[in-house]
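Let us read a protein model together. A learner asks, and a teacher replies.

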Amino acid sequence: MRRQAPAAARNRQPILDVLRPRLPAQGLVLEIASGSGEHIVHFAEALPNLVFQPSDPSPEARASIDDWVQELTLDNVRPALALDAAGDVWPLERADTVLCCNMIHIAPWEAAVGLVVGAGRILPKDGTLYLYGPYRRGGRHTAPSNEAFDLDLRGRDAAWGVRDLEAVAALAEARDFGLPEIIDMPANNLSLVFKRL
């Protein structure tokens, strides 16, 4: 049942390197769209003082996540929740941090809106919303590979596509988040770190 995503194996350590100094010393970290579960178990192994709550709308993904947790005998990862980021109600009332890697370009824009609205609802003041993935900046792709990826995504589903960083930042600002800290990542991706005001 355990799934493996080659991209997750490549990017989980660079993401952890960004997260480590930006996460609280203790608390609950909610991951939206946990996918195979490889990110969250990597983070949980490295940060044992935090409690991690994975989630995904897919039953197959949730089974993979729970299998990874069982295989690695991690006691700081809760069972995966069924959670649709675009939903009006999330099955969790509070978290100290919300993480979301590689979702908003492989989902309709409504999922990004729901993600930011939901994070704004459950995060405390100074809580962190962390996003990872490819973005356009100033209306332009940051690399030819991202442009090709965007065309491929839109070919698969017209509602998908690499998002404009400025649109995501404006969406977050409208929901009481500050301007993002932007960190360049390998493979032409970005980390965006938002703080709840």
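The dialogue below goes from the whole protein to its pockets, its cavity and two residues.

Q: What should I know about this model and its numbering before I start?
A: This is a predicted model, where local features need pLDDT of at least 70, side-chain atom pairs count only at pLDDT 80 or more, and totals for chains, interfaces and linings use all residues. Residues are numbered from 1 along each chain as its sequence is written, and side-chain values use heavy atoms, with hydrogens and water left out.

Q: How many helices and strands are there in the protein?
A: Helices (H or I, at least four residues) and strands (E, at least two) are DSSP runs, numbered from the N terminus. Here there are six helices and nine strands.

Q: Why is the protein said to be as compact as a globular protein of that length?
A: The radius of gyration is taken over C-alpha atoms, and the globule rule is 2.2 Å times the number of residues to the power 0.38. The protein has a radius of gyration of 16 Å, close to the 16 Å from the rule for 197 residues, so it is as compact as a globular protein of that length. Its C-alpha trace spans about 45 × 35 × 30 Å along the principal axes.

Q: Where does Q53 lie, and is Q53 buried or exposed?
A: Buried means under 20% relative accessible area, exposed over 50%, partly exposed in between (1.4 Å probe, protein chains only). Q53 lies in strand β2, residues 50-53. Q53 counts as buried because its relative accessibility is 3%. Buried residues make up 51% of the 197 residues in the protein.

Q: Which residues does Q53 touch?
A: Contact means heavy atoms within 4.5 Å. Leaving out residues up to four places away in sequence, Q53 touches L28, V29, L30, E31, I40, R78, P79, A80, L81 and L92. Across the protein, 73% of the contacts with a separation of 6 or more join residues 24 or more positions apart.

Q: Is D75 buried or exposed?
A: D75 is exposed, at 78% relative accessible area. D75 is found in the loop between α3 (59-71) and β3 (97-101). D75 and P54 are 21 residues apart in sequence and 13 Å apart in space, C-alpha to C-alpha.

Q: What is a pocket, and what is a cavity?
A: Take a 1 Å grid over the protein atoms alone. A cavity is a set of points where a 1.4 Å probe fits but cannot get out. A pocket is an open set with protein on both sides within 12 Å along at least five of seven lines. Lining residues have an atom within 4 Å of a point. Points are joined across faces, edges and corners, and a volume is the space filled by probe spheres set on them.

Q: Which residues lie closest to the centre of the largest pocket?
A: The largest pocket holds about 480 Å³ of space. Its lining has 28 residues, and A33, G35, D56, C101 and N102 are closest to the centre. Helix α1 gives the largest share, three residues.

Q: Which residues lie nearest the centre of the second largest pocket?
A: They are A7, R10, N11, N102 and N189, out of 17 lining residues. The volume of this second largest pocket is about 400 Å³.

Q: What lines the largest cavity?
A: The search finds one cavity of 30 Å³ or more. The largest cavity has a volume of about 50 Å³. Its lining includes C100, N102, M103 and H105. Strand β4 (residues 128-133) gives the most, with three residues.
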